[in-house]
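This report covers a strand pairing, the sheet around it, one histidine and the nonpolar cores.

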Amino acid sequence: MRIAIIAFALGVWLLQRQESLPGMRGLMVAVAVAITALIAARWLPGKPLRIGLLMFAFGALGLTHAAIFAHIRMADSLDARWEGQDIVLKGIVASLPQPFDLGVRFEFDVEDADPAEASIPRRVLLSWYNGLSREEYQEVMPLRAGERWRLSVRLKRPHGNANPHGFDYEASLLERGIRATGSVRPRGIAERLDAMVPQPSYAIERLREAARERFWDALPEHRYAGVLTALAIGDQRSIEPGDWDVFTRTGVNHLMSISGLHVTMVSGLAAGLAIFGWRRSERLALRLPAQKAGALAGFAAAFAYCLIAGFAVPAQRTLYMIGVVALAMYLDRVTTPSRVLALALALVVLLDPWAVLSPGFWLSFGAVAVIFSAATGRPRPSHWLLKWGALQWAVTIALAPALLAMFQQVSLSSPLANAVAIPLVSLVVTPLALAGAALPLPLAQWPLGLAHWLLEMLMFLLRWLAALDASVWRQHAPAAWTLPLALIGVAWLLLPRGFPARPLGLLLLSPMLAVAPSAPEAGALWVTVYDVGQGLAVLVRTRSHALLYDAGPSWSPEADSGSRIVVPALRSAGIRELDALVVSHDDTDHSGGALSVLRAMPTGRLWSSLPASDPITQGPTYRLPCIGGKAWEWDGVRFEFLHPVAATLADPDQKANNLSCVLKASGRGGAVLLAGDIETKAEAQLLDANGPAVRSTVLVVPHHGSSSSSSPAFVAAVAPELALFAAGYRNRFNHPRADILARYAESGARVLRTDLGGAIEIRIDAEGWSAIEYRSRERRYWRNI
């Protein structure tokens, strides 16, 4: 059974790696082949052959199961004709509304649409902004889960930034059943129709919202109130980004949401109380044994906690495991830990085939498998402290390959941090948080106040650990072929004591750590234009140097593309420091992520046209103005600033766009020109000062393809073979403009766009140039291309 379930789960995973969904005829063939293999496995001799056929059959069934689910969900989509059109929707606020700086975000179950012929998905994600400009300002009305509203909206198909080793936002929306996103229109229809729609799922969300408000009222201005909210109701967005960084660096981030440990604790507490009370009643004890009553009560409590906490994958896994154990106890059956874990795995992938896309799925099941293996079937240290330490060691070592593959980092302080945090958070802080969520407000302040004080004490330790240079091991993204070797090496290392040659497992781990990503040859030039939405961030690499041109936009005081996209991409590429950062000009869609990059990456020098008072220029990095004529050479590649000249930089009347640093990098096989946001006036100055020197093989088109740039004279002078447009998907400025796209196409240039193709990687060497879009290289059936 366990082998069959693992094969089924691998089949589900394989489906999620496909570029397109198999047709119904192909699925029918797969089912027929699977049935044939099952029949053959029953009658053929030889155990290895039977196991092979069994795995093949259940793998095919898992792929078919996931494909059917995917066909149904993908059919619930927004017709491209209705993207960007004003539509009036009637529906229900289906999730916990999430306030943010500019408004509120919420999931919306659509009941009706006007016009009636509009094809609208059943669930959409809406943002209601105060206004992105003064002309669009509007009052955001208070929303509550379960309310019915009529709203004027504009929708678009699911679309996220697509970068190497980046977060797949579109896959996340698919798993949540959200098939369109959009915004409430300024000064449009916004009418509350019903205060509450009586339906269980909406009632649960209303309860979660009431609990969150109780935390806000009981702990005003308390630093870690958001952490307690996350522990009680699973609202992870309540946690401050800075706190998440501390939790990630110390490896306790799994505790600061609804983890399996918390669900187990709630279940165990309920089971213990039920058994205690049940035994006090002779009539009840005769009717049903206390142990069975406790098992049922434990499962019921775990189920209720998972519902109120949002039903994340770790919580699902624990709930199903508790359910299997409770059922076995009720039926007087004996079951093994591995069988319990396998049944939980089967239930998760059956009910949610997209769970395999979540890192939490692999880490959660992997951690529990290691715990079961380490706790059974081998001699253990006699002292409880040694047992706890051995268990932490086993989990840390076992999960290291997966963490390096998914996040390119492993917390080295995790064993110590978890040794303290697990018992404190799971056994003390979480019960206090749940008590505060259940009690009326005056009484809730006592348990919540104590829980907050304990968190403050814990955070002193975690912040100290996080500040240590050796707290985290970071490295490049390992090559795919090294991961299976590393997993075998980990399994070898964790074999029972006395097994010969256990240290040889380190040899199998070493390729993951030692095999570095490839780098350009001398004289070659690698350029990556990241997909940062409506903004610009470009990495330029030579044999042994790296330069970042702009760092993308800032989205809020806590979030920007520097920390969310650029820094993870640099680290995954094996870049530990930057030789130079160029911030082209004073505009947040180019400079918004620069401070995050400077904080995270050692940087040799900063070139910019920013004013001396700008916060970006105040750090220790050596700062220089990007004056035209400045040139240098790295590894056979020549870099030169072509604009602005000193007089332009000193002119107070110049627009910030026209002060953009224009950088040309020339290698053996061609050159790339990075033009920032210069407009036609600056383009003319650039041509007058440099003449034919502006000619380049590759051009990152100025100002995202705005009509105020890319004059015919500029396009003709640069004469690019490849024109790259960095712009956000369906952005509010309508960049790139159709006439500018046509101008470059008519010039003979190949045109690529980050909003359609994701990050674009260009390689220029002695043999010429090549370019590939991330969405073309990493195709998935759900990606909007």
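## Strands 21 and 22

Strand 21 (residues 671–674) runs parallel to its partner, strand 22 (residues 698–700), and three bridges join them. Leu673 has Leu699 of strand 22 as its bridge partner. Strands are DSSP runs of E with at least two residues, helices runs of H or I with at least four, both numbered from the N terminus; two strands pair if DSSP finds at least two bridges between them.

This is a predicted model, in which local features need pLDDT of at least 70 and side-chain atom pairs pLDDT 80 or more, while totals for chains, interfaces and linings use all residues. Residues are numbered from 1 along each chain as its sequence is written, and side-chain values use heavy atoms, without hydrogens and water.

## The sheet

The open sheet has seven strands in the order 18-19-20-21-22-23-24, with mixed pairing. Strand 18 (631–634) and strand 24 (750–753) are the edges; each has a single partner strand, so one side of each lacks a neighbour in the sheet.

## His643

His643 belongs to strand 19 (residues 637–643). His643 counts as buried (under 20% relative accessible area, 1.4 Å probe, protein chains only) because its relative accessibility is 2%. Its contacts (heavy atoms within 4.5 Å) include Cys626, Asn658 and Leu686. A polar atom of the His643 side chain lies 2.8 Å from the backbone oxygen of Asn658.

## Nonpolar cores

The largest nonpolar core (buried Ala, Val, Leu, Ile, Met, Phe, Trp, Tyr and Cys joined through side-chain atoms within 4.5 Å) has 42 residues. Helix 12 gives the largest share, eight residues.

Technical notes: Buried < 20%, exposed > 50% of the residue type's maximum accessible area, 1.4 Å probe, protein only. Polar contact = N/O pair within 3.5 Å; in protein donor to acceptor, adjacent residues only side chain to side chain. Lists of a residue's contacts leave out its neighbours within four places in sequence.
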